[in-house]
Amino acid sequence: HFRAGIFHLNSANIPFETALYNSRQAYLLVHQNKLSYTFATAEFLNEEATKSKLQRKLADAIKNNEFKLYMQFIVDAKSGCIKGAEALSRWHNPEEGVLSPSSYINAMITSGIIEHLDFHIFEEVCRQLEKWSKTDKKHLWISCNFTRATVSKSNYFKRFEEIVNKCMEIDPKNRFSDVNELMVELSKVAEMDESHNESDKIMPK
């Protein structure tokens with residue numbers, strides 16, 4: 001099947017390396033979207049440069065522990081009591097403040113670093129459950145989301161178990177029977193909308 005990324009040489013002064021890089025960027029888009037061809041326009045190249053810059057910032061943000069656990073509590077409609085919570089992430093960007101998942105999730109998936117965020121939040125959830133297990137909040141549960149990209153990794157269950165064993169005191173004979181309930185959900189990236197941006201309903205850890 002023919003596929004091509006095309007860059008128009010509108011000047012003889014454009015270096016060969018630049019022309020090759022631009023055409024490769026267009027080809028990557030063609031390959032990812034199963035197109036026949038596309039042009040590396042100025043608008044397209046600017047968008048790609050912005051994406052690359054964001055991906056570099058996200059990689060640094062993971063190293064600098066800038067992603068924090070937030071919780072959206074689940075309340076029983078009849079009793080008004082808190083039953084549990086959904087684990088969410090927020091990026092504490094030093095330059096732009098607190099950012100919602102819609103500003104970074106897709107970029108992390110594209111760059112292949114989403115598993116670092118998923119497991120980081122999961123580890124924070126386990127630590128929080130362990131703290132609650134020693135208080136009057138031990139009946140509460142937390143729902144933790146994982147993206148399909150993370151779950152599809154061959155070492156997913158191994159890392160999952162390693163984090164649980166590291167962060168939670170578990171009786172090997174009883175496993176999860178002596179600790180808070182931990183719910184794991186497979187998240188749909190397309191549904192990462194602004195419904196989780198209601199700051200009055202979401203509390204940091």
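What share of the 205 residues in the protein chain is buried? Buried residues make up 37% of them. The model is a predicted one. Its chain has six helices and eight strands. Read along the sequence, these elements follow the pattern β-α-β-α-β-β-β-α-α-β-α-α-β-β.

Start with the salt bridges. The structure holds seven. Three residues, Glu115, Lys153 and Arg159, are linked in a network of such bridges. Glu115 takes part in both contacts described next. In one, the side chains of Lys153 and Glu115 meet, with an N to O distance of 3.6 Å. This pair links distant parts of the chain, 38 residues apart. Lys153 sits in the loop between α5 (148–151) and α6 (156–167), while Glu115 belongs to helix α4, residues 114–132.

In the other contact, Arg159 forms a salt bridge with Glu115, and the closest N and O atoms are 3.2 Å apart. Again the pair links distant parts of the chain: Arg159 lies in helix α6, Glu115 in helix α4, and 44 residues separate them.

How accessible are the three partners? Glu115 has a relative accessible area of 13%, so it counts as buried, the limit being under 20%. Lys153 reaches 36%, so this residue is partly exposed. Arg159 is also classed as partly exposed, because its relative accessible area is 24%.

Another salt bridge joins Lys134 and Glu130. Their closest N and O atoms are 2.4 Å apart. Which partner is buried, and which is exposed? Glu130 is buried, because its relative accessible area is 11%. Lys134 has a value of 57%, and is therefore exposed, the limit being over 50%.

Stay with the lysines for a moment. Lys137 is placed in the loop between α4 and β6 (141–146). Its relative accessible area is 39%, so Lys137 is partly exposed. Along the chain, Lys137 and Gly84 are 53 residues apart. In space, their C-alpha atoms are separated by 9.5 Å.

Now turn to the second largest pocket. How much space lies in it? The volume is about 280 Å³. Three elements each give two or more residues to its lining: α1 (16–33), α2 (42–63) and α3 (105–111). The lining residues are Gln25, Leu28, Leu29, Gln32, Glu48, Lys51, Ser52, Gln55, Asn106, Ala107 and Thr110. By class, six of these are polar, three are nonpolar and two are charged.

The last stop is on the surface. Which residues form a nonpolar patch there? They are Phe2, Tyr37 and Phe39. Together they have about 380 Å² of accessible area. Tyr37 is found in strand β2, which covers residues 37–39. Its relative accessible area is 48%, so Tyr37 counts as partly exposed. A patch residue needs over 30% relative accessible area, and Tyr37 therefore clears that limit.

To retrace the route, begin at Glu115 in helix α4. From there, follow the salt-bridge network to Lys153 and Arg159. Then look at the bridge between Lys134 and Glu130, and at Lys137 in the loop between α4 and β6. Finish with the pocket lined by residues of α1, α2 and α3, and with the surface patch of Phe2, Tyr37 and Phe39.

Key. Residues are numbered from 1 along each chain as its sequence is written. This is a predicted model: local features need pLDDT of at least 70, side-chain atom pairs count only at pLDDT 80 or more; totals for chains, interfaces and linings use all residues. Side-chain values use heavy atoms; hydrogens and water are left out. Patches are made of residues with over 30% relative accessible area and no salt bridge: like charges are joined within 9 Å, nonpolar side chains (Val, Leu, Ile, Met, Phe, Trp, Tyr) within 5 Å. Accessible areas come from the Shrake-Rupley method with a 1.4 Å probe; for residues, only the protein chains shown count as cover. A salt bridge is a side-chain nitrogen of Lys or Arg within 4 Å of a carboxyl oxygen of Asp or Glu. Helices (H or I, at least four residues) and strands (E, at least two) are DSSP runs, numbered from the N terminus. Buried means under 20% relative accessible area, exposed over 50%, partly exposed in between (1.4 Å probe, protein chains only). On a 1 Å grid over the protein atoms alone, a cavity is a set of points where a 1.4 Å probe fits but cannot get out, and a pocket is an open set with protein on both sides within 12 Å along at least five of seven lines; lining residues have an atom within 4 Å of a point. Grid points are joined across faces, edges and corners, and a volume is the space filled by probe spheres set on the points. Ala, Val, Leu, Ile, Met, Phe, Trp, Tyr, Cys and Pro count as nonpolar, Asp, Glu, Lys and Arg as charged, and the others, Gly among them, as polar.
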